[in-house]
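Hi everyone, thanks for making time for this. I'd like to walk you through one structure today, so please have the viewer open and follow along.

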Amino acid sequence: MGDRMKGEAEKLARTRETVRQMGGPERVRKQHERQKLTVRERLGLLFDPGTFVETGILGSEHGSKERVPGDAVVTGYGRIEGRWAGVAAYDFTVKGGSMGVVSETKVARIRQMALQHKFPLVWLIDSGGARISTGPGGFGGEASVRFADSGYLFKEESLMSGVIPLVAAMMGPGFAGTAYIPGLSDFVPMVKGRCSMGLGGPALVKMVTGEDISEEDLGGSRVHCEVSGCGDLEVPSDEECIRVVRDYLSYFPSSNEEKPPRRPWSGDPAALMDDAILNVIPDSPRQAYDMHKLIALLVDEGRTLEMKPKWGRNIITSLGRIAGYPVGVIGNNPMFYAGAIDINAADKAARFIWLCDAFNIPLLFLSDVPGFMVGSKAEKDGIIRHGAKMVHAVAEATVPKLTVVVRKSYGAGYYAMCGRAFDPDLLLAWPGAEISVMGPEGMVSIFARDKLKEAPSKEEQAKMVTQLADNIRPHIQVEKTAAEAYVDDVIDPRETRPRLIAALEYTRNKRVVRHPRKHGVYPV
């Protein structure tokens, strides 16, 4: 009996080793020629050494006479920085990483495990999409009848949202079915020049629309990280993509039932900041500056993980740490549109706020906002409903909310950046900051409208606006607002970090009770 079991064990070991060879040496060579790692090389970087446990390794294409290694996907779980996480990694060396019947069964199992045991789920996407074939292992030809019993992936990923962190790393193609995996995920890093995603690949687009277009131009990393906003971060290599995934997960709890992990920190919580912070804001209220510089001074070691840095650039959404506590930072960036909130910025901020609120990450608002974008184009594009989305997100967030008005906060922009009515747990302002229904220039354009028409030239008109605005400005500075106790304090900028650290300490156990409801009716 022992000899038989030993023989079976040796046979099993040989089978597993065959599967681990993936599509074979030639296809592995081609994968490397594309400057892409193999699926198993990627997993070796994703998980802590020696912790990965593979599930469904013996899976093969349904009805196939020959073994199809893993049916083109590797699934399993392991530790990332000591905490459990699950993975579904598509293997492009096997049938182009396409999704077959058995591969989807394997992925369904790891989804079930991740949700049941409350750990993050990571997809490594390098797939041609659903397997369209006439055989029993795919979804084409006679097997198309099986399509009527598909779609569980999209339903289940939707219901997992906000319960466990969901990451979709785009490391190759991800068209058709695999395009909705990142669409429903929380974080989507994309490898530059190697990946693409879209609801239809170039061949389908050519047939349906007649458009002849490459994968890169149709749905490459530049398109989705700079234009569509579907991607969160463009990275140069597979190695950097995996590093970013590990970094991202380090800010998050394993599920919404936990608090985010605090990194060890041994600094002095009451220490004033360096004088460098005094030089961030220009003396002129009309001069632009880069909000990234302020964020770098406030967070531990100046380190952040910025989400969508090349899309909606007039607002910054970054993960960082303050005294070891993970925080989500939302800051207006005057370098773009003077920091005004347009539709992309509103969408970007709303999604980030929902993300942080879902996983108990405190929010820090750094406000320097002239308001929402105005004009006929903005109105036609739907600035009202997009702006309402951001306002809605800020209002319903129950995590600690900390607001610092660093220069100005006007109109509905003040609301969207967590003004007093939106229950900030801390509302601070720097000296000379302004909180007002609108900026002084806007006021001049209304009450001095007739007088401005009398100006002999546009230059004289602009000069008049500047003079009148400068006369108004002292009357809207935050010191007058503080006199009415509408802000908690006006502080020396060097006090900002110690005040934020104290707030993160006293809000650690914050709980908010809301009116019972299924969910809000969200603006779209």
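I'll go through helices, the cores, the aromatic rings, the cysteines and a few backbone spots.

One thing before we start: this is a predicted model.

Let's begin with helices. Helix H1 covers residues 2-20, which makes 19 residues. From its first C-alpha to its last, H1 reaches 27 Å, close to the 27 Å expected at 1.5 Å a residue. After H1 comes methionine 22, and its phi is positive, near 60°.

Now please turn to helix H4, residues 101-117. With 17 residues at 1.5 Å each, H4 should span 24 Å, and its end C-alpha atoms are 25 Å apart, which agrees. Which residues of H4 are buried? They are Val101, Ser103, Glu104, Lys106, Val107, Ile110, Arg111, Met113 and Ala114. Charged side chains are on that list too, including Glu104, Lys106 and Arg111. The cover over the buried residues of H4 includes strands E1 (53-55), E2 (73-80), E3 (83-90) and E4 (121-127), along with helix H5. H4 is followed by lysine 118, and there phi is again positive, near 60°.

On to the cores. The largest nonpolar core has 59 residues. Which of them touch the most other members? Those are Leu46, Leu124, Tyr248, Leu319, Ile330 and Met390. Helix H12 gives the most to this core, with 8 residues. If you click on leucine 124, you can see what surrounds it: leaving aside residues up to four places away in sequence, leucine 124 touches Arg42, Leu43, Val87, Ala88, Ala89, Tyr90, Ala169, Met171 and Ile242. There is also a second, separate core of 29 residues, and among them are Tyr289, Met291, Val404 and Leu504.

Tyr289 turns up again around proline 334. This proline is in the loop between strand E11 (325-332) and H12. Proline 334 is buried, at 6% relative accessibility. Again without residues up to four places away in sequence, its contacts are Ala288, Tyr289, Gly339, Asp368 and Arg407. From proline 334 to arginine 313 is 21 residues in sequence and 9.5 Å in space, C-alpha to C-alpha.

Next, the aromatic rings. How many aromatic pairs does a search of the whole structure find? It finds 9. Take phenylalanine 154 and tyrosine 180: their ring centres are 5.7 Å apart and their planes are at 65°, so this pair is edge-to-face. The pair links distant parts of the chain, with phenylalanine 154 in H5 (residues 152-160) and tyrosine 180 in helix H6 (residues 180-183), 26 residues apart. Phenylalanine 154 is partly exposed at 27% relative accessibility, and tyrosine 180 is partly exposed at 42%.

A second pair is tryptophan 354 with tyrosine 522, where the ring centres are 5.5 Å apart and the planes are at 75°, so this one is edge-to-face as well. Here the partners are 168 residues apart: tryptophan 354 belongs to H12 (residues 343-358), and tyrosine 522 to the segment after helix H20 (496-506). Tryptophan 354 is partly exposed, with a relative accessible area of 26%, and tyrosine 522 is partly exposed at 36%.

Ring pairs also join Phe187, Tyr248, Phe252 and Phe359 into a cluster. You may recognise Tyr248 from the largest core.

There are charges over rings, too. Arginine 262 lies over the face of tyrosine 325, 4.0 Å from the ring centre. Likewise, the charged end of arginine 321 sits over the ring of tyrosine 251, 4.0 Å from its centre.

What about disulfides? The structure holds 0 of them. Cysteine 195 is in no disulfide, and the nearest cysteine sulfur, in cysteine 225, is 7.4 Å away. Cysteine 195 is buried, at 2% relative accessible area. Why is cysteine 418 not bonded to cysteine 356? The sulfur of cysteine 356 is the closest cysteine sulfur to that of cysteine 418, but at 13 Å it is too far for a bond. Cysteine 418 is buried as well, at 0% relative accessibility.

Finally, two backbone spots. Aspartate 71 is not a glycine, yet its phi is positive, about 50°. You'll find aspartate 71 in the loop between E1 and E2, and it is buried, with a relative accessible area of 0%. Lysine 308 also has a positive phi of about 50° without being a glycine. Lysine 308 is in the loop between strand E9 (304-307) and strand E10 (315-322), and it counts as buried at 7% relative accessibility.

That's my tour, and I'm happy to go back to any of these spots with you.

Note on methods
Residues numbered from 1 in each chain as written. Predicted model: local features only at pLDDT ≥ 70, side-chain atom pairs only at ≥ 80, totals over all residues. Heavy atoms only, no water. Helix = DSSP H or I, 4+ residues; strand = E, 2+ residues; numbered from the N terminus. Expected span 1.5 Å × (residues − 1). Disulfide = S-S within 2.5 Å. Buried < 20%, exposed > 50% of the residue type's maximum accessible area, 1.4 Å probe, protein only. Phe/Tyr/Trp six-rings, centres within 6.5 Å; stacked < 30°, edge-to-face > 60°. Lys NZ or Arg CZ within 6 Å of the ring centre and 35° of its normal. Core = buried A, V, L, I, M, F, W, Y, C linked by side-chain atoms within 4.5 Å. Contact = heavy atoms within 4.5 Å.
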